[in-house]
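The following exercises are to be worked with the sequence and the coordinates at hand. Each task is followed by a solution in steps.

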Amino acid sequence: MTLRLSTVILPVHRWHEGGRDRWLRAEELGFHAAYTYDHLSWRSFRDGPWFGALPTLTAAATATERMRLGTLVTSPNFRHPVTLAKELISLDDISGGRVTLGIGAGGNGFDATVLGREPWTPRERADRFGEFLPLLDRLLTEDAVTLRGTHYSADEARNIPGCVQRPRLPFAVAATGPRGLKLAARHGQAWVTTGDPKIFEEGTPEQSVEAIRGQIERLGKACAEIGRDTAGLDKILLTGFTPDRGRPLGSLDAFVDFAGRHQELGITEIVIHWPIDDSDFAADQAVFEKIATEAVAQLG
């Protein structure tokens with residue numbers, strides 16, 4: 001399968017002061033998709049501008065025509081399946097069926113405490129995600145849903161006319177643990193990884209490749225348990241969080257080497273961050289655009 005190349009545009013620019021231009025340029029460069037983070041604030045950007053993901057994607061949907069759009073990733077940290085489903089159906093309609101929902105279990109960042117509660121434990125995050133995703137699946141595929149769950153409920157939730165994409169917009173499920181991988185196998189049209197965070201600081205690129213190989217093998221086992229062929233599940237690598245860090249964006253050759261090694265593992269889509277000066281995602285814009293327009297052809 002030909003590798004797809006996508007980008008993630010962080011929502012740090014006012015729409016009319018550079019925000020819109022980046023989404024338009026992403027489509028001009030031929031990216032398969034442009035995603036954004038779904039956070040209320042994030043890491044080093046916490047004290048600067050940061051805009052909402054779904055309004056940003058709605059604006060991007062009206063400005064672009066062909067490129068797919070999505071989140072990498074939404075989480076239950078500050079979302080509820082009922083309200084999220086309504087917003088996603090609206091966004092899918094506005095975009096003409098170009099939306100992919102990247103979704104995961106959440107983490108311990110600012111989003112976990114901003115609503116004034118203690119962060120959930122890993123087990124509670126997994127429990128909540130195990131309810132959140134199946135309920136969201138139903139909400140996006142059924143006209144009316146009633147469910148009483150431990151963490152999430154719906155009472156005659158109406159979602160007519162449903163998604164433009166049928167039976168619903170695709171889920172790209174971010175997961176590495178056994179419970180999350182089972183959810184990806186059952187509900188995902190794609191699976192998302194950032195690599196193994198345990199080796200980010202002191203690991204090597206070679207160790208990272210082997211870690212992702214192991215993740216894909218475990219994903220395959222989760223698919224096999226329910227009789228699903230893992231070849232039918234797209235495998236997305238969000239870059240910037242492996243020991244390679246920003247080095248793959250240093251040159252076209254460096255990126256082609258990096259992408260080729262991961263393509264051999266079975267990765268079908270690689271997502272690179274749109275450059276942001278004075279941040280962990282700083283990169284030469286000209287090199288970034290050269291990668292966008294030339295790398296896929298070299299990978300075959």
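**Exercise 1: A proline in a loop**

Proline 11 lies in the loop that links β1 (4-8) to α1 (15-28). The model is a predicted one.

Task. Determine whether proline 11 is buried or exposed, and list the residues in contact with proline 11 beyond its neighbours within four places in sequence.

Solution.
Step 1. The relative accessible area of proline 11 is 5%. Because the cut-off for a buried residue is under 20%, proline 11 counts as buried.
Step 2. With neighbours within four places in sequence set aside, proline 11 is in contact with Thr36, Tyr37, Pro49, Trp50, Phe51 and Thr56.
Step 3. A C-alpha distance complements this list: proline 11 and serine 41, 30 residues apart in sequence, are 9.8 Å apart in space.

**Exercise 2: The barrel and its strand pairs**

Task. State the order in which the 8 strands close into a barrel, then examine the pairing of strand β4 with strand β7.

Solution.
Step 1. The barrel order is β1-β2-β3-β4-β7-β8-β9-β10, with parallel pairing. From one strand to the next, the twist averages 25°.
Step 2. Strand β4 (residues 99-103) pairs with strand β7 (residues 171-174) over 3 bridges, in the parallel sense. Within this pair, leucine 101 has phenylalanine 171 of β7 as its bridge partner.
Step 3. Helix α3 (residues 81-95) lies across β3 (68-74) and β4, and runs at about 150° to β4.

**Exercise 3: Strand β9 and its two partners**

Task. Identify the strands joined to β9 by bridges and give the handedness of the crossovers that involve β9.

Solution.
Step 1. Strand β9 (residues 234-238) is mostly covered, since 4 of its 5 residues are buried.
Step 2. Strand β8 (residues 190-193) runs parallel to β9 and is joined to it by 4 bridges. Threonine 193 has leucine 237 in β9 as its bridge partner.
Step 3. Together with helix α6 (residues 205-225), β8 and β9 form a right-handed β-α-β unit.
Step 4. Toward strand β10 (residues 269-273), β9 makes 3 bridges, again in a parallel arrangement. Here leucine 238 is partnered by valine 271 of β10. The chain passes from β9 to β10 through helix α7 (residues 252-265), and this β-α-β crossover is right-handed.
Step 5. Helix α6 contains serine 208, which is buried with a relative accessible area of 0%. Residues up to four places away in sequence not being counted, serine 208 touches Ile199, Thr242 and Pro243.

**Exercise 4: Packing of two helices**

Task. Describe how helix α4 (residues 122-141) packs with helix α5 (residues 178-187), and place glycine 180 within this picture.

Solution.
Step 1. The axes of α4 and α5 are 10 Å apart and meet at an angle of about 10°. Because angles under 35 degrees count as roughly parallel, α4 is roughly parallel to α5.
Step 2. On the α4 side, the contact is made by Arg123, Ala126, Asp127, Phe129, Gly130, Leu133, Pro134 and Asp137; on the α5 side, by Arg179, Leu183 and His187. By class, these comprise 5 nonpolar, 2 polar and 4 charged residues.
Step 3. Glycine 180 is found in α5 and is buried, at 14% relative accessibility. Apart from neighbours within four places in sequence, glycine 180 contacts Val173 and Ala175.
Step 4. The C-alpha atom of glycine 180 is separated by 7.9 Å from that of alanine 105, 75 residues away along the chain.

How values were computed
Residues are numbered from 1 along each chain as its sequence is written. This is a predicted model: local features need pLDDT of at least 70, side-chain atom pairs count only at pLDDT 80 or more; totals for chains, interfaces and linings use all residues. Side-chain values use heavy atoms; hydrogens and water are left out. Buried means under 20% relative accessible area, exposed over 50%, partly exposed in between (1.4 Å probe, protein chains only). Two strands pair if DSSP finds at least two bridges between them. A crossover is right-handed if, with the strands pointing away from the viewer, the path from the first strand over the helix to the second runs clockwise. Contact means heavy atoms within 4.5 Å. Axes are lines fitted to C-alpha atoms, for helices over the stretch in contact, and angles run from 0 to 180 degrees between N-to-C directions. Angles under 35 degrees count as roughly parallel, over 145 as roughly antiparallel, 65 to 115 as roughly perpendicular and the rest as oblique. Ala, Val, Leu, Ile, Met, Phe, Trp, Tyr, Cys and Pro count as nonpolar, Asp, Glu, Lys and Arg as charged, and the others, Gly among them, as polar.
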